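I opened my notebook to work through one structure, step by step. Here is what I looked up.

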Amino acid sequence: MGKKKQQPSGNLIAQNRKARHEYHIEESFEAGLALSGWEVKSLRAGKAQLTDTYILVRRGEAWLMGAHFTPLNTTSTHEVAEPARTRKLLLHRKEIAKIFSRTQDKGHTCVPLRLYWKGHLVKCELALVVGKQKHDKRETEKQRDWQRQKARVVREQR
């Protein structure tokens, strides 16, 4: 199989950079989001935040907890905007069952990695993750520094 094609950065709404630093990513899923009108307008303006968010599976449904969508002051006068409400994730039953069974294991959890546009729809990339130990984080940092130094040396030799 070939590598998965990366989405262009113009489609990106929000990203959870902390998740890539804090966790080992084992498997990722793509889910839709059930949103109201003011939330879509807010996302078009780029007013979303995914820090300290997680996925909760309850009664056979997946929910996005802790995501903060800042409401625009021009969006809705007749509806009360709740920026930190729980939002339903749209997944297949098999995917929800897999996420639920894996999150029951010790040390495993499910976190959102990024929000992006796919056509006119908002998609959320979820990942089943395991927390990194402190020495794993240091090793990742060493690897990143080494890659940066290699790139610098190659650039100088040209």
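**Entry 1: a buried serine.** Before listing neighbours I fixed my term: contact means heavy atoms within 4.5 Å. I also noted that this is a predicted model. I started with S42, which lies in helix α2. Which residues does S42 touch, not counting residues up to four places away in sequence? I found K47, F69, T70, P71 and L72. Next I looked up the accessibility of S42. Buried means under 20% relative accessible area. S42 has 0% relative accessibility, so S42 counts as buried.

**Entry 2: K41.** I moved to K41, also found in helix α2. Is K41 buried or exposed? Neither word fits, because K41 has 47% relative accessibility and counts as partly exposed. That class sits between the cut-offs of 20% and 50%. I then checked K41 against F69. They are 28 residues apart in sequence. In space, their C-alpha atoms are 9.9 Å apart.

**Entry 3: the sheet.** I turned to the strands. I reminded myself that strands of a sheet pair through backbone hydrogen bonds, either parallel or antiparallel. In what order do the 7 strands of the open sheet run? I wrote down β1-β8-β9-β2-β7-β5-β4, with antiparallel pairing. The edge strands are β1, residues 12-15, and β4. Each of these edge strands pairs on one side only. I also looked up the twist. Neighbouring strands of this sheet are turned by 40° against each other on average, direction ignored.

**Entry 4: β2 and its partners.** Strand β2 covers residues 23-33, and strand β9 covers residues 121-131. How many bridges join β2 to β9? I noted 9 bridges, and the two strands run antiparallel. I looked up two of the facing residues. S28 stands opposite A127 in β9. E27 has L128 in β9 as its bridge partner. Then I looked at β7. β2 pairs with β7 over 2 bridges, again in the antiparallel sense. G32 has its bridge partner in β7, and that partner is L90.

**Entry 5: helices on the strands.** Where does helix α2, residues 37-44, lie? I found α2 across β1, β7, β8 and β9. Helix α2 runs at about 75° to β8. Helix α3, residues 93-103, packs on the sheet. I listed the strands α3 touches: β2, β4, β5, β8 and β9. The direction of α3 makes about 150° with that of β2.

**Entry 6: strand β4.** I went along β4, residues 54-58, one side chain at a time. The side chains alternate. I55 and V57 point to one face and are buried. Y54, L56 and R58 point to the other face and are not buried. β4 pairs with β5, residues 61-65, in the antiparallel sense over 5 bridges. Which residue of β5 stands opposite Y54? I found M65.

**Entry 7: two positive phi values.** I kept one rule in view: most residues other than glycine have a negative phi, and most peptide bonds are trans. R59 lies in the loop between β4 and β5. This hairpin has 2 residues between the strands. Phi of R59 is near 55°, a positive value in a residue other than glycine. R59 has 79% relative accessibility, so R59 counts as exposed. D52 has a positive phi of about 60°, although D52 is not a glycine. D52 lies in the loop between β3, residues 48-49, and β4. D52 counts as exposed because its relative accessible area is 59%, and the cut-off for exposed is over 50%.

**Entry 8: a pocket.** Last, I looked for empty space. Rolling a probe the size of a water molecule over the atoms shows where empty space is left. I picked the second largest pocket, which holds about 150 Å³ of space. Which residues line the second largest pocket? I wrote down G32, L33, L35, V40, L90, W117, H120, L121, V122 and K123. β2 and β9 are the elements that give two or more residues to this lining. β9 gives the most, with 3 residues. By class, I counted 7 nonpolar, 2 polar and 1 charged residues in the lining. I noticed two names from Entry 4: G32 and L90 are bridge partners, and both are among the lining residues of the second largest pocket.

Conventions:
Residues are numbered from 1 along each chain as its sequence is written. This is a predicted model: local features need pLDDT of at least 70, side-chain atom pairs count only at pLDDT 80 or more; totals for chains, interfaces and linings use all residues. Side-chain values use heavy atoms; hydrogens and water are left out. Buried means under 20% relative accessible area, exposed over 50%, partly exposed in between (1.4 Å probe, protein chains only). Two strands pair if DSSP finds at least two bridges between them. Axes are lines fitted to C-alpha atoms, for helices over the stretch in contact, and angles run from 0 to 180 degrees between N-to-C directions. On a 1 Å grid over the protein atoms alone, a cavity is a set of points where a 1.4 Å probe fits but cannot get out, and a pocket is an open set with protein on both sides within 12 Å along at least five of seven lines; lining residues have an atom within 4 Å of a point. Grid points are joined across faces, edges and corners, and a volume is the space filled by probe spheres set on the points. Ala, Val, Leu, Ile, Met, Phe, Trp, Tyr, Cys and Pro count as nonpolar, Asp, Glu, Lys and Arg as charged, and the others, Gly among them, as polar.
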